[in-house]
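Colleague: I should like to go through this model and ask, for each label, what justifies it. Please set each value against its criterion.

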Amino acid sequence: MISRLLQNQEAVKVTLAKQKHKLTMLTTAEWDRLQRLETLLKPCRYVTELLGGETYVSCSVVLPALRHLTHTMEVSDDDPAYVVRFKDDFIKDLSQRQDTLNHGRLRVATALDPRFKDLKCLPRGERGGVWTSIEALLRIEPNRATPGPTEEPARKRSLLLFNSDSESEDEEGPNGALARYRAEATISETDCPLQWWSTHEGAHPQLSVLARKYLGTPATSVPCERLFSLAGNVVQKKRAALSSENVNRLICLSNRLKEKYKK
């Protein structure tokens with residue numbers, strides 16, 4: 001709304017100047033305040049569109065996004081009084097909302113995301129505790145990603161073990177598995193973390209199981225709620241006889257047409 005008002009500022013002034021009204025127009029200083037508030041709210045719009053978008057967004061993005069907002073709303077010496085009040089109220093409200101989050105799960109998901117595994121969104125003192133939690137999960141989580149051993153003759157098996165020059169992930173333990181993962185290079189923020197784990201599943205079999213479990217959780221329920229709203233528009237009282245197959249087809253067609261016109 002602020003952006004639209006600023007874009008149509010001159011048109012609003014000209015239109016109101018031609019009409020008789022008792023409206024009080026904004027002063028130059030108030031227009032400047034709106035301009036500054038628009039700049040402050042741009043990160044909020046970016047995070048809202050990111051977390052509530054229709055494209056898949058993992059819960060691993062939540063903590064980096066909140067850290068981005070917190071960093072943006074830090075008070076500086078050049079901020080006027082009204083900006084300081086706005087930032088203080090914003091941070092206070094954001095902190096209250098963060099109290100309801102499952103921080104433990106979000107931290108593990110962030111660490112298992114190869115885009116954010118450096119954990120720069122967390123204070124330095126809290127990063128070690130996250131890796132300790134993942135190490136504990138590795139000790140509990142069964143190694144379902146590694147196929148069961150096949151029966152081999154005892155002599156061949158002993159020769160294979162004797163000639164081996166490296167230890168398996170089970171032998172090196174959770175510490176070795178985490179060390180190898182942390183040594184991997186981070187990927188671009190535009191890359192898909194699930195695709196990365198699919199490619200590197202062989203190198204990190206135990207961690208890939210945890211990654212699918214934690215990264216498979218969406219950041220918000222907005223895409224699901226949007227889908228339910230679309231289904232509510234399709235299934236109405238006058239169309240109550242629609243079969244479930246036809247409902248699915250209509251929803252898919254609606255989504256495909258939307259993607260087509262976007263391009």
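Modeller: The model is a predicted one. Let us begin with the salt bridge between Arg115 and Asp113, whose closest N and O atoms are 2.7 Å apart.

Colleague: Why is the pair Arg115 and Asp113 called a salt bridge?

Modeller: The criterion asks for a side-chain nitrogen of Lys or Arg within 4 Å of a carboxyl oxygen of Asp or Glu. Arg115 and Asp113 have their closest N and O atoms 2.7 Å apart, so the pair is within the 4 Å limit.

Colleague: Are Arg115 and Asp113 buried or exposed?

Modeller: Buried means under 20% relative accessible area. Arg115 has 14% relative accessibility and therefore counts as buried. Asp113, with a relative accessible area of 0%, is buried.

Colleague: Which residues are joined into one network by salt bridges that share partners?

Modeller: That network consists of Arg36, Asp79 and Lys87. Within it, the side chains of Arg36 and Asp79 meet at 3.3 Å, N to O, and the 4 Å limit is therefore satisfied.

Colleague: Why can the pair of Arg36 and Asp79 be said to tie parts together?

Modeller: Arg36 belongs to helix 3, whereas Asp79 is in the loop between helix 4 and helix 5, so the pair ties together parts that are 43 residues apart in sequence.

Colleague: What makes Arg36 partly exposed, and why does Asp79 count as buried?

Modeller: Partly exposed is the class between the 20% and 50% limits. Arg36 has a relative accessible area of 33%, so it is partly exposed. Asp79 has 12% relative accessibility and so counts as buried.

Colleague: Where do Arg45 and Glu49 lie, and what makes them a salt bridge?

Modeller: Both residues lie in helix 3, four residues apart, about one turn of the helix. The closest N and O atoms of Arg45 and Glu49 are 3.1 Å apart, so the 4 Å criterion is met. Arg45, at 55% relative accessibility, counts as exposed because the limit for that class is over 50%. Glu49, at 48% relative accessibility, counts as partly exposed. The search of the whole structure finds nine salt bridges.

Colleague: Why does Glu38 count as buried, and with which residues is it in contact beyond its neighbours within four places in sequence?

Modeller: Glu38, which lies in helix 3, has 16% relative accessibility and therefore counts as buried, the cut-off being under 20%. Its contacts, leaving aside neighbours within four places in sequence, are Ile2, Ser3 and Leu6. Glu38 and Met1 are 37 residues apart in sequence, and their C-alpha atoms are 9.5 Å apart in space.

Colleague: What lines the largest pocket?

Modeller: The largest pocket, with a volume of about 610 Å³, has a lining of 24 residues, and Val61, Pro64, Arg115, Phe116 and Glu189 lie nearest its centre. Helix 3 and helix 4 are the elements that give two or more residues to this lining, and helix 4 gives the most, with four residues. By class, the lining of the largest pocket divides into 14 nonpolar, four polar and six charged residues.

Colleague: Which residues of helix 4 are buried, and what covers them?

Modeller: The buried residues of helix 4 are Val62, Leu63, Pro64, Ala65, Leu66 and Leu69. Their cover includes helix 3, helix 5 and helix 6.

How values were computed
Residues numbered from 1 in each chain as written. Predicted model: local features only at pLDDT ≥ 70, side-chain atom pairs only at ≥ 80, totals over all residues. Heavy atoms only, no water. 1 Å grid on protein atoms, 1.4 Å probe; cavity = no way out; pocket = protein on both sides within 12 Å on 5 of 7 lines; lining within 4 Å. Points joined across faces, edges and corners; volume = space filled by probe spheres on them. Nonpolar A, V, L, I, M, F, W, Y, C, P; charged D, E, K, R; others polar. Buried < 20%, exposed > 50% of the residue type's maximum accessible area, 1.4 Å probe, protein only. Contact = heavy atoms within 4.5 Å.
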